[in-house]
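Visitor: I am in my first year and still learning to read structures. Could you take a close look at a single part of this one with me, and follow that part through its surroundings?

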Amino acid sequence: MNIQLLKNIFSLLNTKEKRKLKLLFIVFIVTGIFEIAGIASIAPFMAVVSSPEIIQDNHYLNTIYMYFKFVNTNDFLVVLGVIVILLLVFSNAITAFTVWQLTSFANNQSHTLSVNLFNSYLFNSYEFFLNNNSSTLEKNVVSEVFRAVSGVMLPLLLLAVKSINVL
C-alpha cells in the first residue's frame, strides 16, 4: 500500500475525526488483548479437564483452589469453565463493539465526504455544470464516495485491527 495514499486518506479527516480514529486504535489494542486472553484461556482449561491432578501440581491453580476452599475438583472445573466461557463471551462482545464502532466511523466518513463533495459542487460556476454531466456528479456524490470508503478506508481500518491482533 502506498504511504501517500494513506496520507491522502488521513488528510480528508478533520481534527475531531482524527481524534476519534486515534481512540479507535486504542480500542483495537484493548480488543486484541481480550481476544488473545479469550483464546489463550482455552488451552489451560482443557489441560485441567484432561488431567485434574494439574490443580495440585500447578502453584497458581492450587492457590486459587485453596483460597476459595473448593471441596472437590469437579466444582473447581465448573467454575473454571464458567470463567473461560465468560471471558470468551466478553471478548466477543468487545470485538462486536469494535466492529460496530469501526463501521459507524466509516459510515460517518462516507456521509461527511459526500456532503463535502456536494458542497464543493454547489459553489462551482455555471460553466462547470455545463461542462459536466449532472448524473456523473450525482454518481460521484452518492456511489463513488461510498465505494471509496467501503472499498478503501474500511478495509484499511480492518487490516489495522487484524495487524494489531497479530502483533
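Guide: Helix 2 passes helix 8 in a right-handed crossing, and this is a good place to begin in what is, please keep in mind, a predicted model. The two helices pack at an angle of about 40 degrees, with their axes 8 Å apart. An angle of about 40 degrees lies outside the range under 35 degrees that counts as roughly parallel, and helix 2 and helix 8 are therefore oblique to each other. On the side of helix 2, the contact is made by Leu21, Phe25, Phe28, Ile29, Thr31, Gly32, Glu35 and Ile36, while helix 8 contributes Leu157, Ala160, Val161, Ile164 and Asn165. Sorted by character, the residues of this contact divide into nine nonpolar, three polar and one charged.

One residue from the helix 8 side can be followed a little further. Ala160 lies in helix 8, and because its relative accessibility is 16%, it counts as buried, the cut-off for that word being under 20%. Ala160 and Tyr65 are 95 residues apart in sequence, and in space their C-alpha atoms are 40 Å apart.

Now turn to another neighbour of helix 2. The axes of helix 2, which covers residues 15-40, and helix 6, which covers residues 73-122, come within 9 Å of each other and cross at roughly 155 degrees. Because an angle over 145 degrees counts as roughly antiparallel, helix 2 is roughly antiparallel to helix 6. Helix 2 passes helix 6 in a left-handed crossing, whereas it passes helix 8 in a right-handed one. From helix 2, the contact with helix 6 draws on residues including Glu17, Lys20, Leu21, Leu24, Phe28 and Glu35, and from helix 6 on residues including Leu88, Ile94, Leu102, Phe105 and Gln109. The residues of this contact divide into 13 nonpolar, eight polar and three charged.

Within helix 6, Gln109 deserves a pause. Gln109 is found in helix 6 and counts as buried, because its relative accessibility is 2%. Leaving aside neighbours within four places in sequence, Gln109 is in contact with Leu13, Glu17, Val149 and Met153. Glu35, by comparison, is 74 residues from Gln109 in sequence and 27 Å from it in space, C-alpha to C-alpha, although Glu35 and Gln109 both belong to the set of residues that make the contact of helix 2 with helix 6.

The three helices met so far also come together in the largest nonpolar core. Of the 16 residues in that core, Leu21, Leu102, Phe105, Val149, Met153 and Leu157 touch the most other members. Helix 2, helix 6 and helix 8, the last of these covering 134-166, each supply at least two residues of this core, and the largest share, seven residues, comes from helix 8. As general background, nonpolar side chains tend to be buried together in soluble globular proteins. To see one member in detail, take Leu102, which, leaving aside its neighbours within four places in sequence, is in contact with Leu24, Phe28, Leu154, Leu157, Leu158 and Val161. Apart from the largest core lies another core, of ten residues, among them Val48, Tyr65, Leu77 and Leu80.

Finally, return to helix 2 and look at its contact with helix 3. Helix 2 and helix 3 pack at an angle of about 15 degrees, with their axes 4 Å apart, and because angles under 35 degrees count as roughly parallel, helix 2 is roughly parallel to helix 3. This contact is made by Gly38, Ile39 and Ala40 of helix 2 and by Ile42, Ala43 and Pro44 of helix 3, and its residues divide into five nonpolar, one polar and no charged. Helix 3, covering residues 42-50, also holds Phe45, which touches Leu77, Leu80, Gly81 and Val84 when residues up to four places away in sequence are not counted. Leu77 and Leu80, two of these partners of Phe45, are also among the members of the core of ten residues.

Definitions and conventions
Residues are numbered from 1 along each chain as its sequence is written. This is a predicted model: local features need pLDDT of at least 70, side-chain atom pairs count only at pLDDT 80 or more; totals for chains, interfaces and linings use all residues. Side-chain values use heavy atoms; hydrogens and water are left out. Axes are lines fitted to C-alpha atoms, for helices over the stretch in contact, and angles run from 0 to 180 degrees between N-to-C directions. Angles under 35 degrees count as roughly parallel, over 145 as roughly antiparallel, 65 to 115 as roughly perpendicular and the rest as oblique. A crossing is left-handed if the near helix is turned anticlockwise from the far one by less than a right angle, and right-handed if clockwise. Contact means heavy atoms within 4.5 Å. Ala, Val, Leu, Ile, Met, Phe, Trp, Tyr, Cys and Pro count as nonpolar, Asp, Glu, Lys and Arg as charged, and the others, Gly among them, as polar. A nonpolar core is a set of buried Ala, Val, Leu, Ile, Met, Phe, Trp, Tyr and Cys residues joined through side-chain atoms within 4.5 Å. Buried means under 20% relative accessible area, exposed over 50%, partly exposed in between (1.4 Å probe, protein chains only).
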